[in-house]
Amino acid sequence: VVIHRLAKIYFLIMNVKLLIVKEGILTAVVYLFVALFCYTISCFLFGWLSLILNFFSLVSFALLFFVLYFYRDPERTILLNDNFVLSPADGRIFEIQKDSDRQIIKIFMSPLNIHIQRAPVSGTVESINYKKGKFLPAFDEKAEIENEQNIITISTRHGDVEIKQIAGILARRIVCWVNNGDKVIQGQRIGMIRLGSQVDLSLPEY
């Protein structure tokens with residue numbers, strides 16, 4: 001009976017996996033299993049042992065809902081237009097810089113934002129450069145240089161467009177879903193950063 005119920009839970013989660021990214025599936029299953037396990041055992045106990053297990057069950061359910069919320073992956077209506085550049089990330093623009101012949105737009109993502117990055121333009125992935133680093137807060141001027149980061153360069157007819165994924169004080173892993181030579185379409189999912197983080201968009205002067 002237990003195996004049957006776990007199988008039903010597994011298939012239920014797999015059926016809604018399109019609502020969250022695949023990186024969150026295993027974590028969600030673990031928290032769900034712990035929550036149900038603690039609750040089930042508590043039903044056969046009394047006193048403080050039952051209360052402790054119920055407490056762990058509630059905490060696990062809370063963490064489960066946080067995981068489902070953080071790893072959410074809602075569908076977006078993307079109107080393809082080669083004359084437009086989409087934002088690669090949800091968040092708040094906190095700085096715009098001009099460096100030589102390029103314009104750099106810096107976007108801060110809080111833990112409440114969706115942390116998936118999308119291709120701002122259509123083109124070909126020319127290079128992917130990952131660098132290990134620190135986990136300074138996004139507002140620190142050294143963060144964009146010293147923090148863990150990944151730069152995805154997309155070649156277009158207008159020039160190269162760079163998306164820099166920068167880890168923050170809470171972010172501990174950068175995920176990239178494209179490879180060198182891949183053809184990407186505007187709005188396509190290209191990666192994500194876990195927890196608070198920053199994304200820089202570097203554009204050539206058109």
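**Salt-bridge exercises**

R76 and D90 form a salt bridge, with 2.8 Å between the closest N and O atoms. The model is predicted: local features need pLDDT of at least 70, side-chain atom pairs count only at pLDDT 80 or more, and totals for chains, interfaces and linings use all residues. Residues are numbered from 1 along each chain as its sequence is written, and side-chain values use heavy atoms, leaving out hydrogens and water.

**Exercise 1.** Place R76 and D90 in the chain and classify their exposure.

*Solution.*
- Apply the criterion: a side-chain nitrogen of Lys or Arg within 4 Å of a carboxyl oxygen of Asp or Glu.
- Both R76 and D90 lie in the loop between α3 and β1, so the pair ties together parts 14 residues apart in sequence.
- Relative accessibility is 34% for R76, which is partly exposed.
- D90, at 24%, is also partly exposed.
- The classes are buried (under 20% relative accessible area), exposed (over 50%) and partly exposed in between, with a 1.4 Å probe and protein chains only.

**Exercise 2.** Describe the salt bridge between E95 and K106.

*Solution.*
- The closest N and O atoms are 3.7 Å apart.
- E95 sits in strand β1 and K106 in strand β2 (residues 102-109), so the bridge ties together parts 11 residues apart in sequence.
- Strands are DSSP runs of E, at least two residues; helices are runs of H or I, at least four; both are numbered from the N terminus.
- E95 is partly exposed at 31%, whereas K106 is buried at 1%.

**Exercise 3.** Which residues are joined into one network by salt bridges that share partners?

*Solution.*
- The network joins D73, E75 and R189.
- E75 and R189 meet at 3.3 Å, N to O.
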